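Reader: I would enjoy a close look at one small part of this model, with its surroundings filled in as you go. Could you take me through it at an easy pace?

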Amino acid sequence: MREIVLSVDWGQTWPLSDVMWFEEDRPDWQTLISPDLTDRLLAWAKYFNTHADLDSGTFGGEDYRKWFDLEGVALLNELHAAAGAHYRFKLELWF
Amino acid sequence: MGTGVGSRWVAHPNLDPGTIGLCNAGFGDVSVQNFQAKNLGKIDLFCGDSASGYVHIRTRHQNDWQTVINQAGGGALWDDFMVYAVNGSVSAPSPGYPVNIGNNKWCYSTPVQIKNTQGVVTKTLHPTVIVSVNNKKVITAFPTTTAPNCSGD
């Protein structure tokens with residue numbers, strides 16, 4: 001079972017590592033996860049790029065970091081529930 | 001943009017092991033490679049740290065770059081190829097790039113073709129390269145396939 005990493009790097013808009021997979025290997029997310037979960041994934045990635053500050057190395061406040069981390073865990077659980085039979089998911093909170 | 005000879009990549013210049021040693025020793029301000037970036041001029045890929053630069057890319061994406069290389073036949077070091085892809089992306093980006101993604105960051109990309117031993121294109125990458133405009137440095141680069149994964153939205 002192939003592993004998919006849930007994480008956001010600078011500028012990244014889709015926070016799953018399948019963006020680095022070739023087309024023939026990529027999951028069909030439309031059939032695997034709900035539109036709501038898709039929207040939450042996109043929002044989570046956007047949140048990181050809005051609040052994470054490279055120069056200071058901070059999120060601009062612990063509340064911002066806490067929300068990001070907790071939402072990451074929640075998204076991981078949702079991904080497991082929706083597509084865990086097909087892929088292994090791992091959350092990486094690196095910043 | 002890319003070219004392959006046999007199963008090995010030609011990605012000159014190869015990174016200096018001595019420079020990478022300085023990165024390993026924690027010298028974040030050492031330049032691993034510099035580039036001439038469209039609309040910015042000279043920029044650097046510094047050793048950096050866990051948050052940006054060569055060390056960040058190695059920590060976060062070495063496996064991703066190596067997987068792409070291996071799927072194309074292998075034979076190259078991940079960081080030589082990464083630097084090759086970054087150079088192509090920033091020096092000759094695709095039309096519409098660089099994209100301003102906010103917070104003093106621009107996104108660069110260009111198609112990087114992978115060829116087999118007969119010279120036939122087997123894979124094409126559209127790497128995502130993020131540059132800090134105010135610091136004129138590459139902060140991350142990852143080997144996106146279908147399209148670069150960045151936007152100013």
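Reader: Where in chain B is the place of B:Lys136?

Author: Happy to walk through it with you, and please keep in mind that this is a predicted model. B:Lys136 sits in the loop between strand 9 and strand 10 of chain B. Its backbone deserves a look: B:Lys136 is not a glycine, yet its phi is positive, at about 50°. The residue has 15 C-beta neighbours inside 10 Å, so it counts as partly exposed.

A second loop of chain B makes a good companion to this one. B:Asn39, in the loop between strand 3 (31-37) and strand 4 (41-46), is another non-glycine residue with a positive phi, here about 70°. B:Asn39 is partly exposed too, because 13 C-beta neighbours lie inside 10 Å of it.

Now step back to the strands on either side of B:Lys136. Strand 9 (128-132) and strand 10 (137-142) are among the elements of chain B that give two or more residues to the side touching chain A. Helix 2 (53-71) and strand 6 (105-108) complete that list. The top contributor on this side is helix 2, with four residues. In total, 23 residues of chain B meet 16 residues of chain A. By character, the chain B side comprises nine nonpolar, 10 polar and four charged residues.

The neighbourhood also leads inward. Nonpolar side chains tend to be buried together in soluble globular proteins. Here the largest nonpolar core has 55 residues, and B:Val129 and B:Val131 are among those with the most contacts inside it, along with B:Met82 and B:Val86. B:Val131 shows how the pieces meet. Setting aside neighbours within four places in sequence, its contacts include B:Lys137, B:Val138 and B:Ile139. The contacts of B:Val131 also take in B:Ala37, B:Leu40 and B:Ile43, as well as B:Val90 and the trio B:Lys105, B:Trp106 and B:Tyr108.

Helix 3 (residues 78-91) of chain B gives the most to this core, with eight residues. It has 14 residues and reaches 20 Å from its first C-alpha to its last, close to the 20 Å expected at 1.5 Å a residue. Of those 14 residues 12 are buried, so helix 3 is largely enclosed by the rest of the structure. Among the buried ones are B:Trp78, B:Phe81, B:Met82, B:Val86 and B:Val90, and also B:Asp79 and B:Asn87. Farther along, in the loop between helix 3 and strand 5 (99-102), you will find B:Pro98. The peptide bond that joins B:Tyr97 and B:Pro98 is cis, with omega about 5°.

Helix 2 of chain B, met above at the contact with chain A, has a feature of its own. There is a kink of about 70° in it, centred on B:His61. Even so, its end C-alpha atoms are 25 Å apart, which agrees with the 27 Å that its 19 residues should span at 1.5 Å a residue. B:His61 is one of the buried residues of helix 2, and others include B:Tyr54, B:Ile57, B:Trp65 and B:Val68. The buried residues of this helix pack against several elements of chain B, including strand 10, helix 3 and strand 8 (121-125). Just after helix 2, B:Gly73 takes a positive phi of about 115°.

Finally, here is the setting for all of this. Chain B has three helices and 10 strands, running β-β-α-β-β-α-α-β-β-β-β-β-β from the N terminus. Its radius of gyration is 15 Å, which agrees with the value near 15 Å for a compact globule of 153 residues. The C-alpha trace of chain B spans about 45 × 35 × 25 Å along its principal axes, and 46% of its residues count as buried.

Its partner, chain A, has three helices and two strands, arranged along the sequence as β-α-α-α-β. With a radius of gyration of 13 Å, close to the 12 Å given by the globule rule for 95 residues, chain A is as compact as a globular protein of that length. Its C-alpha atoms fill a box of roughly 40 × 25 × 20 Å, and buried residues make up 25% of the chain.

Key:
Residues numbered from 1 in each chain as written. Chains lettered and ligands numbered in written order. Predicted model: local features only at pLDDT ≥ 70, side-chain atom pairs only at ≥ 80, totals over all residues. Contact = placed C-beta atoms within 7 Å. Nonpolar A, V, L, I, M, F, W, Y, C, P; charged D, E, K, R; others polar. Core = buried A, V, L, I, M, F, W, Y, C linked by C-beta atoms within 7 Å. Buried ≥ 20, exposed ≤ 12 C-beta atoms within 10 Å, placed from the backbone. Expected span 1.5 Å × (residues − 1). Rg over C-alpha atoms; globule rule 2.2 N^0.38 Å. Bend = angle between axes of the 7 residues up to and from the residue.
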